Amino acid sequence: MFLVNVWTSMLVVLLCRGLPLVDTVPGDANSSSSPTPSTPVEPPCDNCSQVTLKVEFSTSIVNHEYIVVFNGYFSAKARGHFIGSALRSSEALGWRIVPRDNPASDYPSDFEVVQIRQASRQGLLALEDHPYIKRVTPQRRVLRSLKYSDAPCNESRWSQKWQSSRPLRRASLSLGSGFWHATGRHSSRRLLRAIPRHVAQILQADVLWQMGHTGSGVKVAVFDTGLSEKHPHFKNVKERTNWTNEKTLDDGLGHGTFVAGVIASMRECHGFAPDSELHIFRVFTNNQVSYTSWFLDAFNYAILKKMDVLNLSIGGPDFMDHPFVDKVWELTANKVIMVSAIGNDGPLYGTLNNPADQMDVIGELPGGYGRVKPDIVTYGSGVRGSGMKEGCRSLSGTSVASPVVAGAVTLLASTVLNRELVNPASMKQALIASARRLPGVNMFEQGHGKLDLLRAYQILNSYRPQASLSPSYIDLTECPYMWPYCSQPIYYGGMPTIVNVTILNGMGVTGRILDKPIWQPYLPQNGDHIDVAMSYSPVLWPWAGYLAVSISVAKKAASWEGVAQGHVMVTVASPAENDSKVGGELTSTVKLPVKVKIVPTPPRSKRVLWDQYHNLRYPPGYFPRDNLRMKNDPLDWNGDHIHTNFRDMYQHLRSMGYFVEVLGAPITCFDASQYGTLLMVDSEEEYFPEEISKLRRDIDNGLSLIVFSDWYNTSVMRKVKFYDENTRQWWMPDTGGANVPALNDLISVWGMAFSDGLYEGDFTMADHDMYYASGCSIARFPDDGIVIAETLKDQGLEVLKQETAVVENVPILGLYQTPSEGGGRIALYGDSNCIDDSHRQKDCFWLLDALLQFTAYSMTPEPQPLQEQDAPPRAPSAPCQRDWRVRDPSSTPRR
């Protein structure tokens, strides 16, 4: 399963043979260090064509080098003058402009690479303050690793391994085959096999060839490892350019040749568009190294040469590489349809990759989910492409996705007589409008459905410039396609449901929404029972924007049950490029149907609020795994979310009759009187003093709190640090499995605290087998509270000294009724792995049920005296017990 991105925001998932992710060495936003060979990697050669290719990318900062981006394109002399005038008045010493000898050197440029041996903050600020300088960022090096492995030709087994970590790298495009099972959960979907034919034939490209469409007149840029000059598969290689520091244009690895073959090979293993005009950009060395500046120069040259399609077979989470991000937007604005990797880690929160995780893909949106990604799905297993010197080979894996889509887009573009109509927006509109829906798969996994090349051809050849929406409708009753929106009805007093819709503007690169979107309720269909608010992009650029639709239930429907419908009307305007009238505009009006299911407001005891605000959306640094036993997957790169890695828990709560809402704002921003329990799991962010004060008042007034923590130990954090050979720096974790000091600040007002102990082990609680996976213990708890202790292994001692010790009476669960009249209840548990899908060994959903019974109904275990034994370090003074016996509740449910 692969994800790729066709700008603007054209994403495709390829149904392919599953590949488990390659393990990586820990890294952070400035560095990650996957092993990279120092010599070219030759693929294994045999008579069997089934070869799996795994690609790893990593990035690191180049010491002392900075990319200086200007506000426009200037000559080399002018750029040098601007930099010199800024640095001469600063404290920067030993600076020079790094020479760049490549085909773009003869043209004006919008950036320079500056080396400053003794860079000071003042020197960098002096550069940033110059009126012609837009931004100063570190130069980055990109490292790529190609790993080939053989598989039997008739291999029928499919890997079931699912890995959810997000390695910090420009990542490969593979997904574990567990991605594609039926809709119950991520780790149980059955993979669809590819048909053993040429992928172009599978997608019926041969039908378009017979009609005379073969890619003629379309310029395709291939950014990769180069191509041999006299390769027999290619008849229209217009230009080969080298952007590296090696003096060769040839492909020493075979990767670039394979990619070019999938797009444009004319014999043996036919590409999609054999008559397209190939432009080969060699941006990786034989040692698989590249730099941001090499890409920027090559991108500028691609714009200058008016490329139509650009294939970039890389992608990674380095979303803060601003020059790279900005340049991709500029390419798109210049009508370049860019196909790039979006990553292989979804569907999880925060897993889209650069350049596909930019604003016009997932957007800086006001709330709710990102936009629907991917957009379409298609095949991609056993794809045949050109060998490095001659012949063909088949690959399954990472480098298949981008060229398959780039080839299909190139072929489609060549079928349009009026090429002015082809742009990133119109191409995406045609592809998603023609896609065929797959049954049993939600929209965040299949987008609009399976790529249908012939239907896309028909739509594109009758296309008229217009605006469109993705998704084209909102139906919160349609399951499983609209999951998770459809998983829970809406009700009065609930958090608004926010659906983020992409506005595609095929009329022009820039546009705007006229007046404002209009909500039109269908009164016969109870449309007046919902309130709809919208926020939207003030400017649609490039080719796209967002429309955020916020849906809530009107007060008059607080006790009503039924379905409500209406639609949102949006009118988009764009400047008419060829209009004889000055100031003329093209307009397009689109309708977004809305349908929702409403139920009466549930009782307070059944409403659970999940704290998403204090979970990281994009972990910005080095965060170790919650379970330290997972040595093959040591980093926590994915953001936690109740609908992704806590999906099983969410579905369990829904099946038990609970209504779960997501808090995406500070604690100060919600009405606690509406909810029975606030659920905090594996929190990483700090809490503002105002949040701590508000939560105390809320609990005094009846809100209950359940906290699932994780480990935090500074000695262990120092032990799991790593040395990055690229930057020659030690990287320390920013926190442990959870931010325990922040949690302790939050709960200290009740005399509670988690410890820095680190424990693991199997035990039994209430006849349930349990596993404690790198959790912490409770260090302090009120005397009148209830604490449950277990015998566990001291994992901290094992990590630090490689010694084994068993500790008895480790307090892991605490229950407390606050003393105020009508006050809420608090439950603490030291480990979240038992409710997290990522590496869960034994679930504890029954425990969560019991805790919710406690917070809602005051159902608590009977205290059982412990046997005489030594107390563990930092144990609370409250009695500890192992039995989980539920007493008859003495209080009525809180409503």
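How many bridges join strand E18 to strand E22, and in which sense do the two run? Keep that in mind as you load the model, which is a predicted one.

**Stop 1: strand E18**

Select residues 497-505, which make up E18. Now add E22, residues 544-553. Here is the reply to the opening question: eight bridges join the pair, and the two strands run antiparallel. For one rung of that ladder, pick Thr502 and look across to Tyr546, its bridge partner in E22.

E18 has another partner to show. Bring up E16, residues 467-470, which pairs with E18 over four bridges, again in the antiparallel sense. Click on Ala467 and you'll find Asn505 of E18 standing opposite.

Is E18 mostly covered or mostly open? Turn on a surface to check: eight of the nine residues in E18 are buried, leaving the strand mostly covered. While you have side chains on display, a general point may help with reading them: in a regular strand they alternate between the two faces of the sheet.

**Stop 2: helices H1 and H2**

Next, select residues 76-87 for H1 and 121-129 for H2. Two packed helices are described by the angle between their axes and the distance between the axes. For H1 and H2, the angle is about 135 degrees and the axes lie 8 Å apart. That angle makes the two helices oblique to each other, and their crossing is right-handed.

To see who does the touching, show Ile83, Ala86 and Leu87 on the H1 side, then Gly123, Ala126 and Leu127 on the H2 side. Colour that contact by residue type and you get five nonpolar residues, one polar and no charged.

**Stop 3: helices H8 and H11**

Move on to H8, residues 401-414, and H11, residues 453-460. What angle do these two pack at? About 35 degrees, with axes 10 Å apart. H8 passes H11 in a right-handed crossing.

At the contact, H8 offers Ala408, Leu411 and Leu412, which meet Leu453, Ala456, Tyr457 and Leu460 of H11. The residue types here come out as seven nonpolar, with no polar and no charged.

**Stop 4: Thr410**

Stay on H8 and select Thr410, which sits in this helix. Is Thr410 buried or exposed? Its relative accessible area is 0%, and buried means under 20%, so Thr410 is buried.

Finish by showing what surrounds it. Leaving aside residues up to four places away in sequence, Thr410 touches Gly215, Val218, Val220, Ala273, Ser276 and Val309.

Methods
Residues are numbered from 1 along each chain as its sequence is written. This is a predicted model: local features need pLDDT of at least 70, side-chain atom pairs count only at pLDDT 80 or more; totals for chains, interfaces and linings use all residues. Side-chain values use heavy atoms; hydrogens and water are left out. Buried means under 20% relative accessible area, exposed over 50%, partly exposed in between (1.4 Å probe, protein chains only). Two strands pair if DSSP finds at least two bridges between them. Axes are lines fitted to C-alpha atoms, for helices over the stretch in contact, and angles run from 0 to 180 degrees between N-to-C directions. Angles under 35 degrees count as roughly parallel, over 145 as roughly antiparallel, 65 to 115 as roughly perpendicular and the rest as oblique. A crossing is left-handed if the near helix is turned anticlockwise from the far one by less than a right angle, and right-handed if clockwise. Contact means heavy atoms within 4.5 Å. Ala, Val, Leu, Ile, Met, Phe, Trp, Tyr, Cys and Pro count as nonpolar, Asp, Glu, Lys and Arg as charged, and the others, Gly among them, as polar.
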